[in-house]
Amino acid sequence: MSILRPFKASDMFKFNNINLDIWTETYGIGFYLSYLSRWPDLCCLQEAPNGRLMGYVLGKAEGSGTEWHGHVTALTVAPEYRRLSLARKMMALLELVSEEIYKGFFVDLYVRCANSVAIGMYEGMGYSVYRRVREYYGSLGIGKGGRDEEDAFDMRKPLARDPHRRSIRPNGRDIIVSAHDVS
Amino acid sequence: MSASSAALERQIRPIYDALDTGSNKSAIVTCNKLLKKYPTNILLKALKALALIRSQKVEESLVLCDEVLESKPTHDGVLTAMMHVLRGLGRHNDMVTMFDEAFKKSPSNEELGCQTFFAHVRASHWKSAHLIATRMYKTFQDEKYLYWSVICAILQANDISTPPAMRPILFQLAHRLIQTSPNPSYISADRFHLHLSLLRQLGLYDEANKLLDSDVGKSICATNLSCDELRREIWQLQGKVKEEGQRAELLITEKRDRNWLEFLAVINATFNEEDSDLLKESVQKTQKIFTDIAAQDGLKDRSALLALIEVEQRAHERGISQSPPVSLMEEYFEKFGNKACCFEDLKPYVKSALGNDLSHWTSFLESKLTVPETIPALQEVINALKLIRYGLTASEITLESELKRVNQYAKLYFETISLGANLPSTELQPGDDLVLLAANALISAWKLSQSTSHLLTAINLLEFALTKSKHCFLARLVLIRLYRILGAPLPALEHYRALNIKQVQNDTLSHLVLSRASTFSLASMGDLTLSTECLEATQIYLSNSQETGDFIVRAFNAEKYSQIPEFIAFEDRLDTSLQRDSVKMEHLRMRLTHEPVNSDVIDMELIELKFIFDRVHHDNRDFAIFPNYQPNVSDSLNHQTLLFGKEEGFPWLSAFLKIYIRILQQASDLDDTVEEKLLIGDRPKPAAESVTRASLSERIQNFTPEELSTLTSEETKLVEYATSLSGWLGPYHDYARPPPSVVLAEAAKQTELKTGHPLKGIEVPPINGNGQHKKDEEPPAVVDAPESVAKHFDGIRERFETVKTSDSVVDLLHVATLAQEAFILLVTESTRFKSSSVVKMNKFGALATNLKDLKAAAQAVLKDISTELIKRGESFNNAEARKACVDASNTDISAYISHDFILNLAKKISDSRYKILEGVGKGIVRVIALHT
Ligand SMILES: CC(C)(COP(=O)(O)OP(=O)(O)OC[C@H]1O[C@@H](n2cnc3c(N)ncnc32)[C@H](O)[C@@H]1OP(=O)(O)O)[C@@H](O)C(=O)NCCC(=O)NCCS
């Protein structure tokens with residue numbers, strides 16, 4: 001029982017059960033408002049019928065030429081609502097809108113190389129690693145997971161506008177770029 | 001460009017660079033240098049004003065600011081610099097005037113037109129923003145401006161300052177305008193959204209249907225959740241329940257949509273049938289559809305099975321099914337009992353089934369209480385335990401039974417602790433909920449027995465769980481509440497810090513440590529921890545006022561009309577947040593314990609509190625975050641763990657505002673006319689209905705029963721005291737207060753001394769003689785303080801004697817800090833009469849003596865309280881106290897936790913109690929010294 005609906009500014013008053021989890025960052029209000037003021041249709045959430053928020057996704061559209069694409073900036077589901085396909089449904093909406101409204105060539109996202117749960121999930125949804133970005137999450141320093149903690153995979157999934165799947169490549173894990181090279 | 005202006009431009013560059021990098025000092029220096037050369041240059045003045053304001057030199061900046069404004073600037077750079085200056089000063093209205101005049105001079109400058117429009121938007125002047133947009137549409141022919149004018153008319157209609165009778169007229173105006181658009185609104189989803197929302201507002205459903213039924217309309221709604229949300233509402237308003245059901249059914253069966261809203265739509269359509277035979281038929285049909293989907297989805301999606309439960313539940317309510325959907329609930333539990341959300345999913349159905357015979361359900365759940373060997377099995381047991389607990393009846397909740405449950409939960413926790421042993425340390429432990437359940441039961445046991453030993457046990461368990469599951473924030477939330485109840489604010493604050501509350505969370509969660517925080521403040525001792533916490537928590541309101549407006553402007557630029565009302569509502573909810581002003585109140589209460597009461601403090605605080613008092617507050621505090629696993633018939637965990645058992649809501653804030661405003665008003669020399677003249681910046685917009693309201697002075701005199709009901713008995717006493725005190729002293733203040741002309745003259749003198757410039761826009765009338773004014777009337781005769789004032793501290797002494805013997809540390813602190821507060825109020829009220837010339841001139845000798853005696857009596861009581869608190873504090877500063885703390889907690893549970901661990905916690909609690917009691921005790925002596 002979950003309601004898929006748009007993320008609204010006042011949902012910031014309600015997202016504590018999601019954001020108090022350590023994997024989810026709480027940004028300044030300007031962060032959320034900047035997404036909502038430009039790509040409100042790429043920001044949505046799942047809500048329980050009693051009004052409790054369950055998870056949300058924030059996305060944007062960017063790039064030029066054949067690099068024009070939808071981007072997943074944040075995807076998170078509160079611990080008590082995981083494994084209910086909520087992430088899957090929100091990603092499906094984001095892909096739909098990226099394809100039909102923004103006419104993007106692909107959807108992409110960054111994920112910590114150590115976050116195997118999320119990587120596995122994205123692979124299951126048709127994403128593949130396009131490149132590895134060094135020190136993308138630099139602030140954390142090298143922890144137990146070594147480089148995997150601070151490096152990110154840039155993962156992509158081609159959309160209908162890229163029928164020849166030119167936006168992805170098979171050997172992405174071996175292509176390493178530095179954080180300065182990506183936006 | 002002339003050579004000299006090119007040279008000047010080159011010289012100005014470094015000023016911009018300095019401003020950009022935050023080197024305000026060097027910007028000022030450069031400005032000063034250049035101003036020597038070009039003393040009349042307006043851009044330089046504007047930039048200097050900006051650098052000054054950024055260095056907090058408000059008064060100096062004001063002078064320049066006014067000079068620049070007077071020159072009626074039109075130059076781009078000047079306007080931009082001034083925009084920042086005026087925003088920094090909160091002078092949106094002046095900004096509006098500045099842009100208006102500039103735009104009037106160059107009406108063909110489109111960029112300037114936009115700036116002017118945005119200045120009005122920032123000031124929420126929707127009416128004039130609408131007019132500008134209309135004019136811009138005429139001049140520049142960009143359709144965007146037409147839509148701007150439309151939404152501004154709507155925003156004006158919805159503004160609190162708009163009289164209700166005007167509203168429909170404005171909506172109709174917006175509608176007429178949108179119809180003139182050369183292109184249809186559906187060329188963009190957000191224009192379409194705006195159009196639909198207007199049609200919904202006006203009830204023009206035929207027109208809305210035409211838009212929605214068009215191919216473009218349908219395709220917009222298929223990809224845009226906001227538009228689809230509106231469509232749903234519009235259909236609902238038209239009673240199109242059947243159509244909505246059919247549409248949703250297709251989505252579910254053909255598009256595999258699993259949005260619960262679609263299931264609800266089908267269910268609503270199913271039950272939209274009066275005839276009971278037809279209803280039965282339609283229920284069966286729907287059940288068939290959902291049963292098929294449930295079979296198809298299996299464990300992948302829980303929606304269809306839940307929908308079946310909902311159908312049966314409603315069928316039961318309508319009398320076509322005999323019993324509540326218990327067997328389906330059991331099926332649901334069998335399938336999804338290993339998901340954490342199962343409890344929450346089934347809760348509403350348990351609730352409506354309560355009162356029926358639940359024995360089958362309960363024994364079903366009890367059959368699930370095996371010792372689990374896997375994490376999913378553990379989750380299932382936890383769900384069973386939560387559901388059983390939720391369904392308990394009042395007679396099943398006794399001290400004994402609750403303690404039995406505590407042992408059940410705790411035992412299972414420790415028995416299954418190994419299941420999560422291999423999880424990474426960043427993961428939550430699967431058994432965390434068992435400890436939270438135990439904490440709920442212990443809190444219930446405390447409520448039943450009043451014995452705090454149960455709270456100590458809860459603390460031991462929760463703290464232990466945190467060593468295994470270090471990110472279990474739910475445990476921290478409960479711990480914060482418990483430590484405060486036990487009078488141990490330090491560990492509460494530590495846990496609060498560990499939650500890493502940031503940004504907007506400060507608004508929703510700072511209540512955890514800041515509600516009635518003055519109870520635990522050591523500001524009197526110079527320890528400003530809590531006071532600083534107040535200031536930090538309120539940063540978010542500054543960010544809101546500085547940033548949110550920018551994003552409203554951005555949403556206009558990007559034409560995201562669906563977002564504009566949302567952003568405005570968000571901005572307003574933060575701006576008028578109840579928590580913001582409750583924190584402000586607490587901060588003031590703490591401030592007066594370490595700062596002397598002088599006219600600066602009195603005037604500034606008074607002005608701010610008056611602003612606050614007329615706000616329509618929003619309560620954004622998050623209480624739903626607490627892990628409430630209490631039975632449906634019980635109070636919630638949140639209610640049970642409120643400090644002093646009293647909520648700190650609107651009525652509480654209102655009561656305290658009334659106390660302080662009245663007392664500060666009496667102590668202040670600022671009457672409304674003076675304040676009007678001296679205040680810079682904008683005032684809050686009055687609500688349309690405020691015209692009919694009584695004056696502020698009348699409104700603060702009486703306390704409503706609702707206000708009084710949220711106060712503790714001690715706070716009620718403070719209200720009574722403050723009311724009598726100000727009632728008694730009011731006439732003397734009114735007589736002795738210098739007339740406005742004298743106050744203004746003094747303010748002008750002070751400003752000139754500070755800035756070297758006279759106070760702008762104020763004509764100080766000549767004052768005759770030595771600044772004294774002649775009174776026409778005789779001074780009011782001095783009478784003795786009323787009983788309720790004279791005996792207040794005696795009452796406190798008595799009550800303190802009573803709480804002294806109880807074991808509640810917070811009750812002790814509460815009486816003590818409110819006694820201290822009563823003293824501070826007395827001091828504030830008597831500041832004016834400290835001056836011997838005031839006393840002499842007004843023949844208030846008897847009054848002065850009276851006040852002196854009152855203060856002396858108050859001090860005597862306070863000193864005794866202080867001594868007692870210190871003594872009581874000492875009693876916690878030894879091994880026996882710690883041992884008592886250890887012994888008090890439940891032995892069955894301590895068997896699982898090491899003695900050292902428990903001892904350590906006992907030490908933490910005792911230490912914190914010792915520090916707070918001693919600190920507040922010693923602080924009282926300092927407060928006395930500070931204020932005499
Ligand atoms: C990653 C995350 C968003 C997944 O959300 P979710 O709603 O639980 O995911 P879904 O239920 O939609 O799962 C989709 C698929 O992903 C895979 N998956 C998700 N979580 C998994 C886990 N813990 N273990 C194994 N597979 C998992 C499964 O294949 C799952 O399909 P299935 O349940 O049918 O087998 C959630 O775990 C989360 O918020 N984590 C913290 C924040 C984060 O890491 N975000 C991603 C940063 S880019």
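These entries record what I looked up in a predicted model, namely the interface of chain B and chain A and the surroundings of the ligand.

**Entry 1: extent of the interface**

I began with the contacts of the two chains. I found 55 residues of chain B in contact with 50 residues of chain A. I then turned to the area, since the size of an interface is often given as the accessible area lost when the parts come together. The area buried between chain B and chain A is about 4,500 Å². Carbon and sulfur atoms give 63% of that area. On the side of chain B, I noted that B:T223, B:L225 and B:F570 lose the most area to chain A. Together these three residues account for 14% of what that side buries.

**Entry 2: salt bridges and polar contacts across the interface**

Next I looked up the charged pairs. Over all chains the count comes to 75 salt bridges, and 4 salt bridges are counted between chain B and chain A.

I examined A:E25, which forms a salt bridge with B:K502; their closest N and O atoms are 2.5 Å apart. I located A:E25 in the loop between α1 (16-19) and α2 (29-36) of chain A, and B:K502 in the loop between α27 (489-498) and α28 of chain B, so the pair joins two chains.

I also recorded the salt bridge of B:E229 with A:K8, where the closest N and O atoms lie 2.8 Å apart. For polar contacts, I found 13 residue pairs across the interface, with both residues at pLDDT 80 or more.

**Entry 3: the side of chain B that touches chain A**

I asked which elements of chain B supply at least two residues each to this side. They are α13 (215-223), α14 (225-237), α16 (260-270), α20 (342-353), α28 (505-509), α31 (539-557) and α32 (564-575). The largest share, 8 residues, comes from α31(B). By class, I entered 23 nonpolar, 14 polar and 18 charged residues for this side.

**Entry 4: position and contacts of the ligand**

I then moved to the ligand, which lies between chains A and B. I counted 19 residues surrounding the ligand, and the closest are A:V77, A:R83, A:S85, A:R88 and A:N115.

I looked up individual distances from oxygen atoms of the ligand. A polar backbone atom of A:S85 is 2.7 Å from a ligand oxygen, and a polar backbone atom of A:R83 is 2.8 Å from a ligand oxygen. From chain B, I noted B:K300, with a polar side-chain atom 3.4 Å from an oxygen atom of the ligand. Taken alone, the ligand exposes 910 Å², and the protein buries 75% of that area.

**Entry 5: make-up of the ligand shell**

Finally, I asked which elements give two or more residues to the shell around the ligand. I listed β4 (69-77), α3 (86-100), β5 (106-112) and α4 (116-124), which belong to chain A. The largest share of the shell, 4 residues, comes from α4(A). I classed the residues of the shell as 12 nonpolar, 3 polar and 4 charged.

Methods
Residues are numbered from 1 along each chain as its sequence is written. Chains are lettered from A and ligands numbered from 1 in the order in which they are written. This is a predicted model: local features need pLDDT of at least 70, side-chain atom pairs count only at pLDDT 80 or more; totals for chains, interfaces and linings use all residues. Side-chain values use heavy atoms; hydrogens and water are left out. Contact means heavy atoms within 4.5 Å. Buried area is the accessible area (1.4 Å probe) that two parts lose on being put together, summed over both. A salt bridge is a side-chain nitrogen of Lys or Arg within 4 Å of a carboxyl oxygen of Asp or Glu. A polar contact is a pair of N or O atoms within 3.5 Å; within protein, one must be able to donate a hydrogen and the other to accept it, and residues adjacent in sequence count only if both atoms are side-chain atoms. Ala, Val, Leu, Ile, Met, Phe, Trp, Tyr, Cys and Pro count as nonpolar, Asp, Glu, Lys and Arg as charged, and the others, Gly among them, as polar. A residue is near a molecule or strand if one of its heavy atoms lies within 4 Å of it. Accessible areas come from the Shrake-Rupley method with a 1.4 Å probe; for residues, only the protein chains shown count as cover.
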